[in-house]
Amino acid sequence: MSSSKDYLEFILEQLSSLDEISYKAMMGEYIIYYQGKIIGGIYDDRFLVKPTKSAKQMMANAQYETPYEGAKEMLLVDDIDNKDFLNKLLNSMVDELPAPKKKK
């Protein structure tokens with residue numbers, strides 16, 4: 001199953017006050033970038049983020065879910081209607097994520 005463009009647009013609207021949000025379509029799903037770093041993605045119309053220390057603290061009761069078979073587990077963001085929460089979540093996570101790899 002793939003994610004809908006409507007769900008992607010909703011999540012992007014929720015994150016619209018953040019600078020440097022971008023996405024990349026990948027096999028019917030969407031990878032979400034913040035400040036050039038992969039923060040998570042949209043998989044089967046679910047917003048999943050990498051399980052950084054701050055994300056786990058902010059969403060202590062979040063479910064771990066796999067974006068697709070064979071992938072590492074990520075945290076399900078279920079409070080997608082709360083823009084302030086989403087902004088705080090991504091801002092707390094970004095410094096914990098590795099810098100993007102340089103292309104050769």
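**Exercise 1. How much space lies in the second largest pocket, and which residues line the second largest pocket?**

Solution. Note the source before starting: this is a predicted model.
- Step 1. Take the volume. The second largest pocket holds about 270 Å³ of space.
- Step 2. List the lining. It consists of Lys24, Met26, Tyr33, Gly36, Lys37, Ile38, Lys50, Pro98, Ala99, Pro100, Lys101 and Lys103.
- Step 3. Assign elements. Strand E1 (21-26) and E3 each give two or more residues to this lining.
- Step 4. Sort by character. The lining splits into 6 nonpolar, 1 polar and 5 charged residues.

**Exercise 2. Describe the largest pocket by volume, centre and lining.**

Solution.
- Step 1. The volume of the largest pocket is about 400 Å³.
- Step 2. Its lining has 16 residues, and Ile31, Tyr43, Pro67, Tyr68 and Met74 come closest to the centre.
- Step 3. Two strands, E2 (29-34) and E3 (37-43), each supply at least two lining residues. E3 provides the largest share, 3 residues.
- Step 4. By character, the lining of the largest pocket has 10 nonpolar, 1 polar and 5 charged residues.

**Exercise 3. Which residues have the most contacts inside the largest nonpolar core, and which element gives the most to this core?**

Solution.
- Step 1. Start from the general rule. In soluble globular proteins, nonpolar side chains tend to be buried together.
- Step 2. Size the core. The largest one has 25 residues, and Leu15, Ile42, Phe47, Val77, Leu89 and Leu90 have the most contacts inside it.
- Step 3. Find the contributors. Helix H1 (5-14), E2, E3, strand E4 (46-49) and helix H3 (83-94) each give two or more residues. H3 gives the most, 6 residues.
- Step 4. Zoom in on phenylalanine 47. Setting aside neighbours within four places in sequence, its contacts are Tyr7, Ile11, Leu15, Ile32, Gly41, Ile42, Leu75, Leu76, Val77, Ile80, Leu86 and Leu90.
- Step 5. Look for a separate core. Another, of 6 residues, lies apart from the largest one; Ile31, Tyr33, Leu48 and Leu76 are among its members.

**Exercise 4. Is threonine 52 buried or exposed, and what does threonine 52 touch?**

Solution.
- Step 1. Locate the residue. Threonine 52 sits in the loop between E4 and helix H2 (53-58).
- Step 2. Apply the cut-off. Buried means under 20% relative accessible area. Threonine 52 has 7%, so threonine 52 is buried.
- Step 3. Check the contacts. Beyond residues up to four places away in sequence, threonine 52 touches Met93, Glu96 and Leu97.
- Step 4. Compare sequence with space. Threonine 52 and serine 92 are 40 residues apart in sequence, and their C-alpha atoms are 9.1 Å apart.

**Exercise 5. Compare the backbone and exposure of methionine 27 and aspartate 44.**

Solution.
- Step 1. Recall the background. Most residues other than glycine have a negative phi.
- Step 2. Read phi. Methionine 27 has a positive value, near 55 degrees. Aspartate 44 has a positive value too, near 50 degrees.
- Step 3. Place both residues. Methionine 27 is in the loop between E1 and E2. Aspartate 44 is in the loop between E3 and E4.
- Step 4. Judge exposure. Methionine 27 has a relative accessible area of 80%, so methionine 27 is exposed. Aspartate 44 is partly exposed, at 26%.

**Exercise 6. Which residues does UniProt list for "domain: TfoX N-terminal"?**

Solution.
- Step 1. The unreviewed UniProt entry lists residues 13-73.
- Step 2. In the model, this span is 13% helix and 41% strand. Its end C-alpha atoms lie 25 Å apart.

Conventions: Residues are numbered from 1 along each chain as its sequence is written. This is a predicted model: local features need pLDDT of at least 70, side-chain atom pairs count only at pLDDT 80 or more; totals for chains, interfaces and linings use all residues. Side-chain values use heavy atoms; hydrogens and water are left out. On a 1 Å grid over the protein atoms alone, a cavity is a set of points where a 1.4 Å probe fits but cannot get out, and a pocket is an open set with protein on both sides within 12 Å along at least five of seven lines; lining residues have an atom within 4 Å of a point. Grid points are joined across faces, edges and corners, and a volume is the space filled by probe spheres set on the points. Helices (H or I, at least four residues) and strands (E, at least two) are DSSP runs, numbered from the N terminus. Ala, Val, Leu, Ile, Met, Phe, Trp, Tyr, Cys and Pro count as nonpolar, Asp, Glu, Lys and Arg as charged, and the others, Gly among them, as polar. UniProt positions are given in the numbering used here, feature names are shortened, and annotations may be inferred rather than shown by experiment. A nonpolar core is a set of buried Ala, Val, Leu, Ile, Met, Phe, Trp, Tyr and Cys residues joined through side-chain atoms within 4.5 Å. Buried means under 20% relative accessible area, exposed over 50%, partly exposed in between (1.4 Å probe, protein chains only). Contact means heavy atoms within 4.5 Å.
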